[in-house]
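Work through the exercises below with the model open. Try each task before reading its solution.

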Amino acid sequence: MKQIPYTINTIKELQDCVEQVREETRKLNVSSILVSVFTDTAKKTMLGDIQKSILSVFPEAQLIGSVSSGEIMNGQLMEQGVVVNFTLFEESVVRVFAFDFHEKNSNTAGRELLSVLQADKEAAAVEIISAGFHLDINPFFKQLSSARRKIRFFGGLADDGSLGKNGLVFTQNAQLRNGVVAAVFSGRNLHVQAASSFGWKPLGRVMTVTRMEGDFCLQELDGRPPLEVFERYLGIRNTERFLVEALTFPFYFERHGTVLARHPRRCREDGSMMFGADLRVGERLRLAYGDPGDIIDNAMALQEKMASFKPEAIFVVSCVARWMLLGSDTEKELAISRHLAPSAGFYAYGEFMRDDNGDIMVSNMTLVTVGMREGMQMGRQSNIIPPRPKLNKHRTLMARLVHFIERTTQELEESNRQLAHLAQIDRLTGLFNRGETEHTLKTMLSQAQEFGEPLSVLMMDVDDFKTINDSYGHAVGDDTLKTIASVLRKHTRRGTDIPGRWGGDEFFVIFSGLASDTAREIAERIARLVESKSVLPDGSRVTVSIGVVTAASDDTPDTLFKRADAALYDAKLIRGKNNVVVH
């Protein structure tokens, strides 16, 4: 296997490159040729001639590419010109497919490509390049997520720098402005290593997606238009420069354990925002900022992983926002893998990758590198890992500011955690307060009913508590409540049962997974322990009355509470206190 990338500006230069590749093919036993072409918008008029020049010499070659806003070759950013990358395989086979979404919908296209992968038992990787911000690519990826887990997926959403208009993707015989092209790499001895680098960090408070229009239009965060977030915290308003200014401040969240980012691509007049990848109601988002130092460190870690793989060829897709953030330091990130193997790729407005669960998804702000080799032979990588590159002076200053932001954000998060904890806890007893107990009851009851598991509750009242306060003072009354809280903490299952103070001298306990007989035994034990440990100044004992009920399939938190209260009423007023009653 051999990868040979070039950058050209004229068809004559391309023809010379093609001749050089033809000489290389005579030295190798070539089984398949993939030509990857990435061109800036100024050169897209050459596309037809590029296709003809390549296919006239290599009619059997498979061609895939896009018009992009930035091209990558051997660790260098090529802002102008055309990158033409020849990948010569000696044992493996590459097939390229085009799917025009004007002719077939996303779901159908996904099924067709999935059937190709299911029939090909040696499929090892799939590169996908899409055109069109408005492309509904989720059904396409949902179908492909059923493919065998060992198959690596990578690629990106092509854009020519117009920031929102449809891009252009192509193969050897097709050009699409609303569809996808895919290269399927197959071979028994084809080894593929995929790795990604992020580097953005969460900033500020957590916000919940409360309203969406379809998969890509975010209408409300915490009930407010998302534009308000950018205006308030970043001073970014809905002007003609919105996309450029907002591009490096994405929303950050986790899905199935994978960190993802979403940068807005357009803001509507009503303050809602369009994204190039999906969001879901209920997902919890935060703004994020890029840390140049962390981005470089992540790229170093990615390089070490790729070096141990020993690739013969590297394919690269990077987010255009990384380029915008790093500026003149961009090549310091790209150059890290320059010594490993020849590389080529492009800058995208959405990067495609597969997570550990097998789902194929769109991310933003990500650098994706895919190494390939045939057999166990080693690529031309060096064993020497270069030192971490130094950032330019203004990037170093930014790194210091980023460190300041990170530390203050951590302190704010810790303060918020403490405040949230205090809002849940009853200060006197240290148990959950009534609000948090009610919230937990609602969640646990719903789960128990969903899975058909038992759930019981206990409601407890201190007998003659007013008399204790009147006779011995409120300090003795407070000590009595603290003693009862200590009994509940020690004699319920930690992390499973939930004891709480309902208010005044009333307590409430939720027993997960317990039916009424077991809950009764625990309630009776608690009553005995309270009596033995709570001794008043005159030597008399504190007693409690307890009502116990087990949830029915049609119970709500309100009906369950009312039934527990009725059982407590029986224990206290009908049976004469110091009793446990089960309804």
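**Exercise 1.** Which residues form one aromatic cluster?

Solution. This is a predicted model. The cluster consists of Phe99, Phe101, Phe140, Phe141 and Phe352. Across the structure, the count comes to 19 aromatic pairs.

**Exercise 2.** Classify the pair Phe38 and Phe346, then place both rings in the fold.

Solution. Start with the geometry. The ring centres are 5.0 Å apart and the planes are at 25 degrees. Planes under 30 degrees apart count as stacked, so this pair is stacked. Next, locate the partners. Phe38 sits in strand β2 (residues 32-39), Phe346 in strand β22 (residues 343-348). The pair therefore ties together parts that are 308 residues apart in sequence. Finally, check exposure: Phe38 and Phe346 are buried.

**Exercise 3.** Repeat the analysis for Phe198 and Tyr252.

Solution. The centre-to-centre distance is 6.1 Å, with 40 degrees between the planes. The pair is tilted. Phe198 lies in the loop between β13 (190-197) and β14 (200-213), while Tyr252 belongs to strand β16 (residues 251-255). The contact thus ties together parts that are 54 residues apart in sequence. Buried means under 20% relative accessible area. Phe198 has 14%, so Phe198 is buried. Tyr252 has 16%, so Tyr252 is buried.

**Exercise 4.** Describe helix α7 and find the charge over the ring of Phe309.

Solution. Helix α7 (residues 292-309) has 18 residues and reaches 26 Å from its first C-alpha to its last, close to the 26 Å expected. Its buried residues include Ile295, Ala299, Leu302, Met306 and Phe309. Arg373 lies over the face of Phe309, at 4.5 Å from the ring centre. After α7 comes Lys310, with a positive phi near 60 degrees.

Terms used
Residues numbered from 1 in each chain as written. Predicted model: local features only at pLDDT ≥ 70, side-chain atom pairs only at ≥ 80, totals over all residues. Heavy atoms only, no water. Helix = DSSP H or I, 4+ residues; strand = E, 2+ residues; numbered from the N terminus. Expected span 1.5 Å × (residues − 1). Buried < 20%, exposed > 50% of the residue type's maximum accessible area, 1.4 Å probe, protein only. Phe/Tyr/Trp six-rings, centres within 6.5 Å; stacked < 30°, edge-to-face > 60°. Lys NZ or Arg CZ within 6 Å of the ring centre and 35° of its normal.
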